Amino acid sequence: MNKPHNFDNIDWFITRLCNQRKKCKFCFAPWDRFPIDATYEQAKLICQRLAEIGIKIVTICGGEPTLYPHIFETIQLLYQLGLKVNFYSNLATQKNVEVVMSILPFIDILSVPVDAVTQTAISQMRGRDQFKSVCKTLDDLQSIETKPTIKIGTVVTKQNINDLKNLFLFLENYQIINIWRIYQFSPYGQGKKYEDLFLVSDDDFNRAVSAVKKMAPNKPINISVRKRSNNIGYCHIMDSQGGLYRYEEEYIDLGVNVFNKPEEIIVHYDEKTNRLQKRWQRKIF
Ligand code: SF4
């Protein structure tokens, strides 16, 4: 008898579109490495397949998922199928925010990037407009009673590493933030071109993270960390049309898709690291 597989989470890069593409020079998204976005017919089949093979948590990322033309229907379908959704948005424009607000009742985690709070670091990371828009949305979310878990993501680079303590103090003011996930910059794609500008050493990253953790002994915000080395091979990465990849500071096309047997998919990933890196998510459900 086959050993039961442990494949219960997937990261669906639902679109290649992003309105922040010119702003985030550190971005390590796959961009043109992935095929064009799925039609809604394809997306529907993928949602049904995810439920069929026992996926419990779907991370919707990209690109900027609110720009995917069928996002509302897709999220509703995942909800109807009983899957938990962790939804990423940069919240940089009013349009992004409106889409997020419209799907709020159907998602379980809203993941939002905040990389810096001092003006210079903000400008060098995602830009001031994105920061202002995120702050306003976090303010607005405070008065919404039923809302998903709010997670903040920070990519640590040379540009913002000295801003982490300020960022912690800033986030602490928002009672609604449950998780702060801190990522060491991983050089790929657009980010690879600017590696010298952004890449921090492991020692510097570890030191900065330890300093921040010392500020949070009672853990008002749950801090979760992903080092550069942890980002290799664990994430079940799926392109918009269902093709599967492994990240090794390059997106490796595995030659399988979500319609293959789960056992044929799972062998390509580091499942021990997957369990560790997705532990923060499991704690929520
Ligand atoms: S980091 Fe995210 S928001 Fe920025 S360009 Fe890349 S995909 Fe878009």
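Two strands count as paired when DSSP finds at least two bridges between them. With that in hand, let's walk through this model, which is a predicted one.

Start with the sheet. It is open, has 10 strands with mixed pairing, and its order reads S7-S6-S5-S4-S3-S2-S1-S8-S9-S10. At the edges you will find strand S7 (222-226) and strand S10 (251-257); each has a single partner strand, so one side of each is left without a neighbour in the sheet. Going from one strand to the next, the twist averages 25°. As a reminder, strands of a sheet pair through backbone hydrogen bonds, either parallel or antiparallel.

For a look at one pairing inside this sheet, take strand S1 (residues 9-13) and strand S8 (residues 237-239). These two run parallel and are joined by 3 bridges. If you would like a landmark there, find Phe13, which stands opposite Asp239 in S8.

Now follow the chain on from S1. The loop between S1 and helix H1 (40-52) holds Trp31. Its backbone deserves a glance: Trp31 has a positive phi of about 45°, although it is not a glycine. A second backbone feature sits further along, where the peptide bond from Gly62 to Gly63 is cis, with omega near 15°. Gly63 belongs to the loop between strand S2 (57-61) and helix H2 (71-80).

Gly62 and Gly63 also bring us to the ligand, because both are among the residues around it, by the criterion of a C-beta atom, placed from the backbone, within 6 Å. The rest of that group is Cys18, Gln20, Arg21, Cys24, Cys27, Ala29, Glu64 and Asn90. Sorted by class, the shell around the ligand has 4 nonpolar, 4 polar and 2 charged residues.

Next, the helices. H1 and H2 pack with their axes 10 Å apart, at an angle of about 20°. The two are therefore roughly parallel to each other, and H1 passes H2 in a right-handed crossing. On the H1 side the contact is made by Tyr40, Ala43, Lys44 and Cys47, and on the H2 side by Glu73, Thr74, Leu77 and Leu78. In this contact 5 residues are nonpolar, 1 is polar and 2 are charged.

Another helix pair lies later in the chain: helix H6 (residues 164-172) and helix H9 (residues 202-215). How do these two cross? Their axes come within 9 Å, at a crossing angle of roughly 30°. Since angles under 35 degrees count as roughly parallel, that makes H6 roughly parallel to H9. This crossing is right-handed. H6 contributes Leu164, Lys165 and Phe168 to the contact, while Ala208, Ala211, Val212 and Met215 come from H9. By class, the residues of the contact of H6 with H9 are 6 nonpolar, no polar and 1 charged.

Note on methods. Residues are numbered from 1 along each chain as its sequence is written. This is a predicted model: local features need pLDDT of at least 70, side-chain atom pairs count only at pLDDT 80 or more; totals for chains, interfaces and linings use all residues. Ala, Val, Leu, Ile, Met, Phe, Trp, Tyr, Cys and Pro count as nonpolar, Asp, Glu, Lys and Arg as charged, and the others, Gly among them, as polar. Axes are lines fitted to C-alpha atoms, for helices over the stretch in contact, and angles run from 0 to 180 degrees between N-to-C directions. Helices (H or I, at least four residues) and strands (E, at least two) are DSSP runs, numbered from the N terminus. Angles under 35 degrees count as roughly parallel, over 145 as roughly antiparallel, 65 to 115 as roughly perpendicular and the rest as oblique. A crossing is left-handed if the near helix is turned anticlockwise from the far one by less than a right angle, and right-handed if clockwise. Two residues are in contact if their C-beta atoms, placed from the backbone, lie within 7 Å.
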